[in-house]
Amino acid sequence: MSPSHGHDSDAIARDAARLLSLGRTADLDDAIRLARQATGEEGKAGHPTRLQVRRHAQAMSMQAMGEEAYRARCRAWLALAEDIMTAIEQAFPDSRTLLVGRAAEGHFDADPCIHIPIATEESTSDFAQALTLYGYGDVDFAFTTLDSRAGRLSQIEWLEDDARIVLTRCPQSSVFESASDLVTGKPRARLTLNGLRTLLEKT
């Protein structure tokens with residue numbers, strides 16, 4: 001890839017988004033690193049934010065797919081999130097789910113991810129079993145741990161319809177209800193299951 005003219009952060013963000021769109025890396029942070037290296041002067045190169053890269057990636061996706069197809073793709077991912085949240089809340093009536101991050105605003109980029117924190121006392125293995133019974137039996141679940149600002153939290157991850165699904169177990173209601181990202185502390189968008197259904201009706 002030939003780097004964009006200049007080493008400013010926005011040019012590097014465009015190059016990182018292009019790397020993602022070409023499939024040369026599936027990791028946003030790795031794309032930023034490679035784009036900065038491509039300038040030949042990594043020490044002097046700007047460092048774009050993840051949001052800058054995602055906005056360029058979104059624009060590239062819309063240009064490549066066409067706006068109508070892109071919107072349909074985003075709606076399909078929102079419907080997937082609604083299906084998973086419904087499955088969890090039906091299987092465990094005392095549990096609550098949220099859709100958080102860019103997806104909660106209806107945005108998906110070159111590294112589409114559906115983040116769903118769950119207020120619960122159930123274990124991640126219980127969720128995996130419930131999802132398997134619900135219809136996700138062919139899923140290869142990965143059990144991971146998030147080092148968050150509130151401590152270590154159990155997660156389940158898998159790939160579904162080209163999107164990465166991440167369920168985070170939040171035994172403390174204060175962590176679940178936090179308006180801040182659990183790692184960066186930055187504000188994050190949030191949608192309840194009913195809020196997501198309303199968004200789908202408008203999309």
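# Helix α4, its partner α7, and residue L167

Visitor: Which residues of α4 are buried in this predicted model?

Guide: Counting a residue as buried when its relative accessible area is under 20% (1.4 Å probe, protein chains only), and taking helices as DSSP runs of H or I with at least four residues, numbered from the N terminus, the buried residues of α4 are Y70, C74, W77, L78, L80, A81, E82, I84, M85, T86, A87 and I88. In this predicted model, local features need pLDDT of at least 70, side-chain atom pairs count only at pLDDT 80 or more, and totals for chains, interfaces and linings use all residues. Residues are numbered from 1 along each chain as its sequence is written, and side-chain values use heavy atoms, with hydrogens and water left out. Among the buried residues of α4 is I84.

Visitor: Are α4 and α7 roughly parallel or roughly antiparallel to each other?

Guide: Helix α4 (residues 67-91) and helix α7 (residues 193-202) pack with their axes 10 Å apart, at an angle of about 150°, where axes are lines fitted to C-alpha atoms over the stretch in contact and angles run from 0 to 180 degrees between N-to-C directions. Because angles over 145 degrees count as roughly antiparallel, the two helices, α4 and α7, are roughly antiparallel.

Visitor: Which residue of α4 does L167 touch?

Guide: L167 is found in strand β5 (residues 163-170), and L167 is buried, with a relative accessible area of 3%. With contact meaning heavy atoms within 4.5 Å, and not counting residues up to four places away in sequence, L167 touches I116, I118, L131, S154, Q155, I156, W158 and I84. Of these, the one listed among the buried residues of α4 is I84.

How values were computed
Parallel < 35°, antiparallel > 145°, perpendicular 65-115°, else oblique. Buried < 20%, exposed > 50% of the residue type's maximum accessible area, 1.4 Å probe, protein only.
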